[in-house]
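Please find below some notes on this structure, set out as numbered points. They go from the chain as a whole to single residues.

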Amino acid sequence: MSAVINFGKLQGTIGILAEQELRAALAICTGLSTKEIAKAIGCAPSTVKKTVERIFFKFSVSSRTALIAEAFRRGLISFSASAP
């Protein structure tokens, strides 16, 4: 069974991405900066940078915009059912 993580009005399912990677991807999709993501998920900005690099590698993308598009295209991230 896959775990679902909510972040703002988005939700994602753990699968290809590990839990921390998914949290970072969700934060990127909401438009947060590296420093804001670090604060939101409780780690150092350098950890966020490494995490984003791993996500880019897993999705074969090289930008945050491409990451967002790919995450939605793959159905890993979607709007929460409870979002208005």
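1. Read along the sequence, this predicted model follows the pattern β-β-α-α-α-α-β, and the chain accordingly holds four helices and three strands.

2. On overall dimensions, a compact globule with 84 residues would have a radius of gyration near 12 Å, and the value of 12 Å found for the chain agrees with that expectation. Along the principal axes, the C-alpha atoms fill a box of roughly 30 × 25 × 25 Å. Of the 84 residues, 35% count as buried, while the chain exposes about 5,000 Å², of which carbon and sulfur atoms supply 56%. Among the contacts with a separation of 6 or more, 47% are accounted for by residues 24 or more positions apart.

3. The three strands form an open sheet in the order β1-β2-β3, and their pairing is antiparallel. The edges are taken by β1 (4-7) and β3 (77-79), each of which has a single partner strand, so one side of each is left without a neighbour in the sheet. From one strand to the next, the twist averages 30°.

4. Between strand β2 (residues 10-13) and β3, the antiparallel pairing runs over three bridges; in one particular bridge, glycine 12 has isoleucine 77 of β3 as its partner. Helix α1 (residues 19-29) packs on this sheet and touches β1, β2 and β3, with its direction making about 35° with that of β1.

5. How many of the 11 residues of α1 are buried? Eight are, which leaves the helix mostly covered, and the residues in question are Glu21, Leu22, Ala24, Ala25, Leu26, Ala27, Ile28 and Cys29. As for what covers them, these buried residues pack against β1, β2 and β3, and also against the helices α2 (34-41), α3 (45-59) and α4 (64-73). Just after α1, glycine 31 takes a positive phi of about 95°.

6. Alanine 25, which lies in helix α1, deserves a separate look, since alanine 25 is buried with a relative accessible area of 0%. Leaving aside neighbours within four places in sequence, alanine 25 is in contact with Leu17, Ile55 and Ile77; the last of these, isoleucine 77, is also the bridge partner of glycine 12. Alanine 25 and isoleucine 68 are 43 residues apart in sequence, yet their C-alpha atoms are 7.6 Å apart in space.

7. Why is cysteine 29 without a bond to cysteine 43? The closest cysteine sulfur to that of cysteine 29 belongs to cysteine 43 and is 17 Å away, which is too far for a bond, whereas a disulfide requires the two sulfur atoms to be within 2.5 Å. Cysteine 43 is likewise in no disulfide, with the sulfur of cysteine 29 as the nearest cysteine sulfur, and a search of the whole structure finds zero disulfides.

8. The burial labels of these two cysteines should be read with their numbers, because buried means under 20% relative accessible area. Cysteine 29 has a relative accessible area of 18% and is buried, while cysteine 43 has 21% and is partly exposed.

Definitions and conventions. Residues are numbered from 1 along each chain as its sequence is written. This is a predicted model: local features need pLDDT of at least 70, side-chain atom pairs count only at pLDDT 80 or more; totals for chains, interfaces and linings use all residues. Side-chain values use heavy atoms; hydrogens and water are left out. Two strands pair if DSSP finds at least two bridges between them. Helices (H or I, at least four residues) and strands (E, at least two) are DSSP runs, numbered from the N terminus. Axes are lines fitted to C-alpha atoms, for helices over the stretch in contact, and angles run from 0 to 180 degrees between N-to-C directions. Contact means heavy atoms within 4.5 Å. Buried means under 20% relative accessible area, exposed over 50%, partly exposed in between (1.4 Å probe, protein chains only). The radius of gyration is taken over C-alpha atoms; the globule rule is 2.2 Å times the number of residues to the power 0.38. Accessible areas come from the Shrake-Rupley method with a 1.4 Å probe; for residues, only the protein chains shown count as cover.
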